[in-house]
Amino acid sequence: MMEFSGHFAGENMTNIVKIAITAAALALAGCALPQAPVPGEPLEAVRARLGAPTAVYPMPDGQMLEYATGPFGQYTYMARIGQDGRLVSWEQVLTGEKFATIKIDRATKEDVLRTLGRPAEVSRVALRNYEVWSYRYKEAGVWDSLMHVHFDEQGVVRQMMNGPDPRFERDGKFGL
């Protein structure tokens, strides 16, 4: 039977811990989104890097590719492709700043889809006969929240409300 000195065993343990940490980091990196595409890349390169989009929305100046992580994800990425077939921009759109661009009494369902992508949930408010699209997101990058976009019968945004995501409620308190 082979015996190890205290120094050698400690050195081995340090190496094993380093290898385990490196392996865990590599495994987690495999779960992350692919590297963001670079503006100017052709559509074929964007699709090769990111895969098939969850939706494609025609735009007056090209098209918008949606990469949603829903219904339980808190991120939706939009790739704007110009008329020349090249990437113009790439951004995560489920943010307070992006929600603020939706204009109440003016924006339509089509506008919301092209801006935020598909909702995580669709429900109704009978009192006003509103259809409600709900989006999960990290408010201020911290709080697990839902943004509710309310549409009237003509498909126009009439109000927006946010609040805590009940999926994270524990013991009657959110996030605790």
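**Exercise 1. Strand pairing**

Task: In this predicted model, find which residue stands opposite leucine 146, and place the pairing in its sheet.

Solution:
1. Leucine 146 faces glycine 163, which belongs to S8.
2. S7 and S8 run antiparallel and are joined by 7 bridges.
3. Both strands belong to an open sheet of 4 strands, ordered S5-S6-S7-S8 with antiparallel pairing.
4. Strand S5 (121–125) and S8 are the edge strands; each has a single partner, so one side of each has no neighbour in the sheet.
5. From one strand to the next, the twist averages 30 degrees.
6. H4 packs on this sheet and touches S6, S7 and S8, its direction making about 15 degrees with that of S6.

**Exercise 2. The nonpolar cores**

Task: State how many residues the largest nonpolar core has and which elements each supply at least two of them.

Solution:
1. The largest nonpolar core has 20 residues.
2. Phe99, Val112, Tyr135, Val149 and Val157 have the most contacts inside this core.
3. At least two core residues come from each of strand S1 (55–59), helix H4 (109–116), strand S6 (130–139), strand S7 (143–151) and strand S8 (157–164).
4. Take valine 112 as an example: beyond its neighbours within four places in sequence, valine 112 contacts Ile102, Gly117, Trp133, Tyr135, Val149, Phe151 and Val157.
5. A second core, separate from this one, has 10 residues, including Leu43, Leu50, Tyr77 and Leu87.

**Exercise 3. A salt bridge between strands**

Task: Determine which parts the salt bridge of glutamate 121 and arginine 136 ties together, and whether each residue is buried or partly exposed.

Solution:
1. The side chains of glutamate 121 and arginine 136 form a salt bridge, at 2.8 Å from N to O.
2. Glutamate 121 is in strand S5 and arginine 136 in strand S6, so the bridge ties together parts 15 residues apart in sequence.
3. Glutamate 121 has a relative accessible area of 36% and is partly exposed.
4. Arginine 136, at 4%, is buried, because buried means under 20%.
5. The pair belongs to a network of salt bridges that links Glu121, Arg136, Asp165 and Arg167.

**Exercise 4. Two further pairs**

Task: Give the closest N and O distance for the salt bridge of glutamate 41 with arginine 49 and for that of lysine 138 with aspartate 144, then classify the four residues by accessibility.

Solution:
1. The structure holds 13 salt bridges.
2. For glutamate 41 and arginine 49, the closest N and O atoms are 2.5 Å apart.
3. Glutamate 41 is buried at 13% relative accessibility, whereas arginine 49 is partly exposed at 30%.
4. For lysine 138 and aspartate 144, the closest N and O atoms are 2.8 Å apart.
5. Lysine 138 is partly exposed at 26%, and aspartate 144 is partly exposed at 21%.

Key. Residues numbered from 1 in each chain as written. Predicted model: local features only at pLDDT ≥ 70, side-chain atom pairs only at ≥ 80, totals over all residues. Heavy atoms only, no water. Core = buried A, V, L, I, M, F, W, Y, C linked by side-chain atoms within 4.5 Å. Buried < 20%, exposed > 50% of the residue type's maximum accessible area, 1.4 Å probe, protein only. Contact = heavy atoms within 4.5 Å. Pairing = 2+ DSSP bridges. Axes fitted to C-alpha atoms, helices over the stretch in contact; angles between N-to-C directions. Salt bridge = Lys/Arg side-chain N within 4 Å of Asp/Glu carboxyl O.
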